[in-house]
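Colleague: I'm new to this one. Could you walk me through a few contacts?
Modeller: Sure, have a look first.

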Amino acid sequence: MSDRRPVVIYGASGYTGRLVAEYLREYSIPFVAAGRNKARLQEIMNAVPGIETADYEIAEVDGSVESLAALFEGRKVVCNTVGPFLRHAPAVLEAALRAGCHYLDTAGEQSHQLAVLDEWGPKYAAAGLAVSTAVSMQYAVPDIVARIVLETPGIDTLEIGQYTRNIPTVGSTQSMFDVIRKDAYYLEDNVLKKYDGIVQQDMVVPGTTLVVPGLNWGGTAMPVFFRDDRRVRNCRMFVAMQNEKGDIPQRVREAERMFKVLFQWLPEEKLYPALDKVAATMTPDTPARENRQVNRSVDWCTGRGNNVTARAVIHGTSGYQITGLVQAYAAMRLLGNTFNGVGFRSPAQLVGHRELMGALEAYGLARVTEESAA
């Protein structure tokens, strides 16, 4: 049974997990839909488009290392969509390592990404396994556009922007609180340096007349991805997220203020339930399926060297579907042993930035434009 279903989606009943299932089906990859509630898992899988043609099974686990390791035994790839990842990922990482599985997740928290790089990367490398975090629209797409810019020799500084219209899930909002609690870093002169809290910067969105307020968004994954890349001396990323009310920057600042005034004094056993209760009031549990005409995004990177510049822009649509696709595509490449290196790998490092871009273009979810070096 395990040999026939080599991929596990942990958190398959969530909004992102079901999209990973949808694209695993597209790639004809058998999978296990795993989570804490078997009935809920089956209900969600029944609603996945085309699921009647998928080869899958349902598995209920309690989230402990032991139960997860038993489930992962004999599998090849774990796709972890259960956040907040600072809280829940260590058990999944440990279980996947014990079972000899490659690991992918969709995390947005920089502190988690640094832990994967420094703590888990060497362990996975020693076991001949790949571990890749932030395999999602939010950072896989910027990862692609940054590496396209780095194809120009002499580039050593990356300025990255993202403008997107999406509705965060409760899990994403919970992760936002976890991001606010931790230090955030940017890369300057090959050293990670700490931001002084939330930083806002106006950004001009390529191809539009819009000037939007971007936030440093917990530092983002990009300085982590390029910390040890000797081509890159400096790296920052700012994110502008749009919603119907246009109040996301204000809400993030309010959340930071709320944490500092009300919650930072609480012990963790009381803190997490309090933060989760607030998060549940800020965003819907399950957003509606994305509309390509509405849920669009722009990711861009401007690169600079001593006497050279380069720029690339990716226009995308349906960010959560992009996440489902990049997870499934990375899993396919891992199963086929056509991936690049073991240990910590960024999404585009793992499978190649041009190849990953090709997968997005094949589904009509994104397109890249490039400017000549000058």
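Colleague: Which residues of α6 and α11 meet?
Modeller: From α6, Met-137, Ala-140 and Val-141 meet Gly-319, Ile-322, Thr-323 and Val-326 of α11. Contact here is heavy atoms within 4.5 Å. These residues divide into five nonpolar, two polar and no charged. For that split, Ala, Val, Leu, Ile, Met, Phe, Trp, Tyr, Cys and Pro count as nonpolar, Asp, Glu, Lys and Arg as charged, and the others, Gly among them, as polar.

Colleague: And what is this model, before I go on?
Modeller: It is a predicted model, where local features need pLDDT of at least 70 and side-chain atom pairs count only at pLDDT 80 or more, while totals for chains, interfaces and linings use all residues. Residues are numbered from 1 along each chain as its sequence is written, and side-chain values use heavy atoms, with hydrogens and water left out.

Colleague: Back to the helices. At what angle do α6 and α11 pack?
Modeller: About 75°, with the axes of α6 (residues 137-149) and α11 (residues 319-335) 9 Å apart. Axes are lines fitted to C-alpha atoms, for helices over the stretch in contact, and angles run from 0 to 180 degrees between N-to-C directions. Helices are DSSP runs (H or I, at least four residues), as are strands (E, at least two), numbered from the N terminus. The two helices are therefore roughly perpendicular, a label for 65 to 115 degrees; under 35 is roughly parallel, over 145 roughly antiparallel and the rest oblique.

Colleague: New topic: how many salt bridges are there?
Modeller: The structure holds 18. Each is a side-chain nitrogen of Lys or Arg within 4 Å of a carboxyl oxygen of Asp or Glu.

Colleague: Which residue does Asp-143 pair with?
Modeller: Asp-143 meets Arg-147, at 2.7 Å from N to O. They are four residues apart in helix α6, so about one helical turn separates them.

Colleague: Is Asp-143 buried or exposed?
Modeller: Asp-143 is buried, at 0% relative accessible area, and Arg-147 is buried too, at 7%. Buried means under 20%, exposed over 50%, partly exposed in between (1.4 Å probe, protein chains only).

Colleague: What about Glu-151, which residue is its partner?
Modeller: Arg-354, with the closest N and O atoms 2.8 Å apart. Glu-151 lies in the loop between α6 and β7 (157-165) and Arg-354 in helix α13 (residues 353-362), so the pair ties together parts 203 residues apart in sequence. Glu-151 is partly exposed at 40%, and Arg-354 is partly exposed at 35%.

Colleague: Which residues are linked in a network?
Modeller: Salt bridges link Arg-5, Asp-55, Glu-57 and Arg-75 in a network.
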